Amino acid sequence: MTEATITPTTQSSDNFATQVLGQLKQDILTGYFKPGEKLKMARLKERYQVGVSPLREALSQLLVEQLVIVENQRGFTVHPISAEEMQDIYHTRAQIEGLCVSQAVELGDDAWEAGILAAAHQLKKSAALLDENNPDDIQRWEVIHQAFHTAIASGCASPTLLHVRRSLYEKASRYRNLWLQHNMLDNTVFDANQKEHQEMIDALLDRNKERAVELIQHHLLVPYWALKDLEL
């Protein structure tokens, strides 16, 4: 993976700090920095080509977001993962996603329906990204996949719910990436995933709230069920 170079001269200091935070967070969420790994300042400076001050600011924010921890004041470490945390995150996320979908079915308009169909079309076109010869493309597929689910949830019309939803997705993504790497290149798993998407679309367009909530909660818990017996 190449250096994530950030150039501060072309943007305000606030935007610069936000960019440092975003790239470091992404590296943690996608597993470039492993759970439990010590985040050495020299390595971070080299990777992002920035000084200590913006890095400390970013790390302090990630501490609040529970993506890093401080151990005995000896520096920052990537927050470890555990089966207990995974269970808590996934089941909470399923409840929040169900609430988003429930409200979206009630409040969503024609533009919401069109947005879902457009995102679903993009997702179908992205299937080629799941190629065992190019495993890094799986992250590109995941961005498109999440755009589809965000299009669904956006109909809830609640910024607060969507903020909580986004936070839970980020917390779950470290576990989800483990599942993606070991499962989504399997055609059987991919076909089942696509079938679930179509069933969700049908339920949403039919305004079948109970069915849509049931489907989305089941869909979100699939990675948890696949990972829960593994030693994390």
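**Cavity**

I began with the largest cavity, where α8 (187–205) gives the most to the lining, with four residues. This is a predicted model, in which local features need pLDDT of at least 70 and side-chain atom pairs count only at pLDDT 80 or more, while totals for chains, interfaces and linings use all residues. Residues are numbered from 1 along each chain as its sequence is written, and side-chain values use heavy atoms, with hydrogens and water left out.

My rule for a cavity was a set of points on a 1 Å grid over the protein atoms alone where a 1.4 Å probe fits but cannot get out, and lining residues have an atom within 4 Å of a point. Grid points are joined across faces, edges and corners, and a volume is the space filled by probe spheres set on the points. Helices are DSSP runs of H or I with at least four residues, numbered from the N terminus.

I found one cavity of 30 Å³ or more. The largest cavity holds about 50 Å³ of space. Its lining is A120, L123, K124, Q194, H197, Q198 and I201. Two or more of the lining residues come from each of α5 (110–125) and α8.

**Second largest pocket**

Next I looked up a pocket, meaning an open set of points with protein on both sides within 12 Å along at least five of seven lines. The second largest pocket has about 250 Å³ of space. It is lined by 14 residues, and Q26, L29, V143, R166 and Y169 are the closest to its centre. The elements giving two or more residues to this lining are α1 (13–29), α6 (138–153) and α7 (159–183). With five residues, α7 gives the most to the pocket lining.

**Helix α9**

Does the length of α9 fit its residue count, I wondered, and what span should its 19 residues have? Helix α9 (residues 209–227) should span 27 Å at 1.5 Å a residue, and this agrees with its end C-alpha atoms being 29 Å apart. The expected span is 1.5 Å times one less than the number of residues.

I also noted that α9 bends by about 35° at L221, with the proline P223 following within four residues. The bend is the angle between axes fitted to the seven residues ending there and the seven starting there.

Among the buried residues of α9 (under 20% relative accessible area, 1.4 Å probe, protein chains only) are I216, L220 and Y224. The buried residues of α9 pack against α4 (83–107), α6, α7 and α8, with contact taken as heavy atoms within 4.5 Å.

Definitions and conventions:
Buried < 20%, exposed > 50% of the residue type's maximum accessible area, 1.4 Å probe, protein only.
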